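I opened a fresh page for this chain and meant to work from the overall fold down to single side chains. The entries below follow the order in which I looked things up.

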Amino acid sequence: LSSTPGTSPIPPDDTKESGHTNVVTPRCVVCGAPVKKAVKVSGPVLVQKKFVEYLTGAWARSTGYSWREDTTVTSSISSGLGLSAGMASSNLGVSSSVTKSYGVTVNISANNSKYSKLGLASNFNRYAVKSTWFQNGKVVPGSTWTYGDLYSPTKDQFLVVYYR
């Protein structure tokens with residue numbers, strides 16, 4: 001395979017049979033192959049202290065927790081939109097992840113009369129988005145829009161004791 005300036009060799013196209021018609025999906029990005037993209041409908045709307053994950057294992061009765069590790073919060077997107085949260089974040093030009101470093105140990109007290117876990121929460125900017133197929137910067141004729149939400153993390157992260 002040879003290439004011309006501005007292009008690179010690509011493997012053969014994928015051919016999928018759909019009923020009685022063969023549908024060809026090219027793999028060449030510079031050729032203007034269709035790509036799924038997200039478009040902002042509205043937002044941002046600030047969502048405060050949304051749960052992200054537990055940082056400790058089993059539920060336990062504890063007087064407190066210590067934390068010194070980095071935490072990373074990534075964007076999330078509604079299922080069914082057909083693209084990753086990172087790709088949608090890139091389409092909208094918003095943050096797809098934020099890492100916070102704890103240079104000193106943080107001590108957080110807990111009520112030892114209840115079962116608890118240390119968790120991570122974050123503020124997010126919520127965007128209502130829609131996605132569909134684009135080719136050469138234009139919507140592919142006949143493609144349908146799907147709707148959902150993209151949550152883009154802000155720099156505000158919180159260590160939270162959750163109780164059960």
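I began with the contacts of the protein at a separation of 6 or more, and found that residues 24 or more positions apart account for 79% of them. I note here that this is a predicted model, and I read everything that follows in that light.

Next I went through the secondary structure, where I counted one helix and 12 strands; from the N terminus on, the elements run β-β-β-β-β-β-β-α-β-β-β-β-β. For the surface I have an accessible area of about 10200 Å², of which 51% belongs to carbon and sulfur atoms, and I noted that buried residues make up 27% of the 164 residues.

**Helix α1**

I then asked which residues of helix α1 (residues 85-92) are buried. I found Ala85, Ala88 and Ser89, and these cover an arc of only 100 degrees around the axis, which puts them on the same side of α1. The reason I wrote beside this is that an α-helix has 3.6 residues a turn, so residues three or four places apart point the same way. I traced the packing of the buried residues of α1 to β3 (35-54), β7 (76-77) and β12 (146-163). Following the chain past the end of α1, I came to Gly93, whose phi is positive, near 75 degrees.

**Ser116**

I looked up Ser116 in strand β10 (residues 115-135) and asked whether Ser116 is buried or exposed. Its relative accessible area is 1%, and because buried means under 20%, Ser116 counts as buried. I listed its contacts, leaving aside neighbours within four places in sequence, and they include Ala58, Trp59, Ala60 and Ser62, as well as Ala110, Val161, Tyr162 and Tyr163. Tyr65 is also in contact with Ser116, and I found a polar contact of 2.6 Å that joins the side chains of Ser116 and Tyr65.

**Aromatic rings and lysines**

My search of the whole structure for aromatic pairs returned six. One of these is the pair of Tyr54 and Trp59, which is edge-to-face, with 5.5 Å centre to centre and 70 degrees between the planes. I checked the exposure of both partners: Tyr54 is partly exposed at 35% relative accessibility, and Trp59 is partly exposed at 22%. I also recorded that Tyr54 and Trp59 belong with Phe51 and Tyr162 to one aromatic cluster; Trp59 and Tyr162 had already appeared in my list of contacts of Ser116.

I then turned to lysines placed over rings, where I found the charged end of Lys50 over the ring of Tyr151, 4.9 Å from its centre. Lys114 lies over the face of Tyr163, at 5.5 Å from the ring centre, and Tyr163 is among the residues in contact with Ser116.

**Thr99**

My last entry concerns Thr99, which lies in strand β8 (residues 97-100). At 48% relative accessibility I had to check the class, and because exposed means over 50%, Thr99 counts as partly exposed. Which residues does Thr99 touch, not counting those up to four places away in sequence? I found Asp70, Thr71, Thr72 and Gln157, and with Thr72 there is a polar contact of 2.9 Å between the side chains. I also looked up Thr74, which is 25 residues from Thr99 along the chain, and the C-alpha atoms of Thr99 and Thr74 are separated by 8.7 Å.

How values were computed. Residues numbered from 1 in each chain as written. Predicted model: local features only at pLDDT ≥ 70, side-chain atom pairs only at ≥ 80, totals over all residues. Heavy atoms only, no water. Helix = DSSP H or I, 4+ residues; strand = E, 2+ residues; numbered from the N terminus. Buried < 20%, exposed > 50% of the residue type's maximum accessible area, 1.4 Å probe, protein only. Polar contact = N/O pair within 3.5 Å; in protein donor to acceptor, adjacent residues only side chain to side chain. Contact = heavy atoms within 4.5 Å. Arc of directions from axis to C-beta. Phe/Tyr/Trp six-rings, centres within 6.5 Å; stacked < 30°, edge-to-face > 60°. Lys NZ or Arg CZ within 6 Å of the ring centre and 35° of its normal. Areas by Shrake-Rupley, 256 points an atom, 1.4 Å probe, with all protein chains shown as cover.
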